[in-house]
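Work through the exercises below with the sequence and the model open. Each task is followed by its solution.

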Amino acid sequence: MAEKFSRQSPWGPLPVADAHVHFFSHHFFELLAAQKPGLTLDGMRASLDWQFPSANPAALAETWARDLDRHGVERAALIASLPGDHESVTTAVRAHPDRFLAFAMVNPRNWQAATFLDVRVACLFPAMHGYSIQDEAVQPVLEWAQQGNRAVFVHCGALSVGVRQKLGLPSAFELRYSNPIDLHAVAARHPKVPFIVPHFGAGYFREALMLADLCPNVYLDTSSSNRWMRYQASHFDLRAAFRRALDVVGPARLLFGSDSSYFPRGWHFQIFEEQATALYELGLRHGDARAIFGENLLRILGP
């Protein structure tokens, strides 16, 4: 990856491409408001105390670009975090094509491939939308990915959406659709499609490793504070998670992610620092650090 930007790290200057940034656009908040009677944008501002974006996604893209500049981050995957908001991230990518990649949450039951031509990764949340990843409704999304050098992100494990909790929105997610093992047959049938499982499987760590071990087209994203480690045996920490993932999956199929989302916090640099420190203490080589913190993401999505 061209090193126009780099971030200081234990290995020295490191080019970074973040695989997991939520793009909370103005339309995203409009879609949230529609889910609860009486919820308004003004009410959201009062509840969240966040910096709310303007109606123009390009303006939010500019804010993100400046923040990434400040932190020395070269690229970021921007996730449209509700179905129906994909045009926000594609607008952001058109404004800064050298900085952003368009990811978009989709519900396969309402899938229209023609409207996702500029999206690089379809993000599936089976527990949120109540379907099995093996459901026939998912097949058109997989075909879209296979035909267009695209990838599919599949959220597994525990699912907790902080903004929904803060706003009192229902979160009746169905954990029975969250096991990474369910993705095995799907990934095996589509070996040319990269599948991204975020948060190390978000509590299904063992199952995520089993899946990735059996399917070389499965990648694990390292994003967020990884609170799922509370479900593991005592003394299990980030170093232990990385050690096991490196042993099973190797550095070529780990994707750094911060799970950044809102302003004024902006890019969640503490996540980078914690993960870089853990990997450095494990003795990760500089070349492998470059792969995990950016090159893997850009390689699987291509030009």
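**Exercise 1.** Which residues line the second largest cavity? Work in the predicted model, and sort the lining by class.

Solution.
- Step 1: The search over the whole structure returns two cavities of 30 Å³ or more.
- Step 2: Take the second largest cavity, with a volume of about 30 Å³.
- Step 3: Its lining consists of Pro126, Ile133, Val154, Cys156, Tyr177, Asn179, Asp182 and Leu183.
- Step 4: Tyr and Cys count as nonpolar and Asp as charged. The lining of the second largest cavity therefore splits into six nonpolar residues, one polar and one charged.

**Exercise 2.** What is the volume of the largest cavity, and how many charged residues does its lining have?

Solution.
- Step 1: The volume of the largest cavity is about 70 Å³.
- Step 2: Its lining is made up of Phe24, Phe29, Trp50, Gln51, Phe52, Pro53, Leu60, Trp64, Ser261, Tyr262 and Phe263.
- Step 3: Sorting this lining by class gives nine nonpolar residues, two polar and no charged ones.

**Exercise 3.** Which strands are the edges of the open sheet? Find a bridge that ties one edge strand to its partner.

Solution.
- Step 1: Eight strands form the open sheet, paired in parallel in the order β1-β2-β3-β4-β5-β6-β7-β8.
- Step 2: Pairing on one side only marks β1 (17-22) and β8 (254-255) as the edge strands.
- Step 3: Strand β7, residues 218-221, runs parallel to β8 and is joined to it by two bridges.
- Step 4: Leu220 has Leu254 in β8 as its bridge partner.

Notes. Residues are numbered from 1 along each chain as its sequence is written. This is a predicted model: local features need pLDDT of at least 70, side-chain atom pairs count only at pLDDT 80 or more; totals for chains, interfaces and linings use all residues. Side-chain values use heavy atoms; hydrogens and water are left out. On a 1 Å grid over the protein atoms alone, a cavity is a set of points where a 1.4 Å probe fits but cannot get out, and a pocket is an open set with protein on both sides within 12 Å along at least five of seven lines; lining residues have an atom within 4 Å of a point. Grid points are joined across faces, edges and corners, and a volume is the space filled by probe spheres set on the points. Two strands pair if DSSP finds at least two bridges between them. Helices (H or I, at least four residues) and strands (E, at least two) are DSSP runs, numbered from the N terminus.
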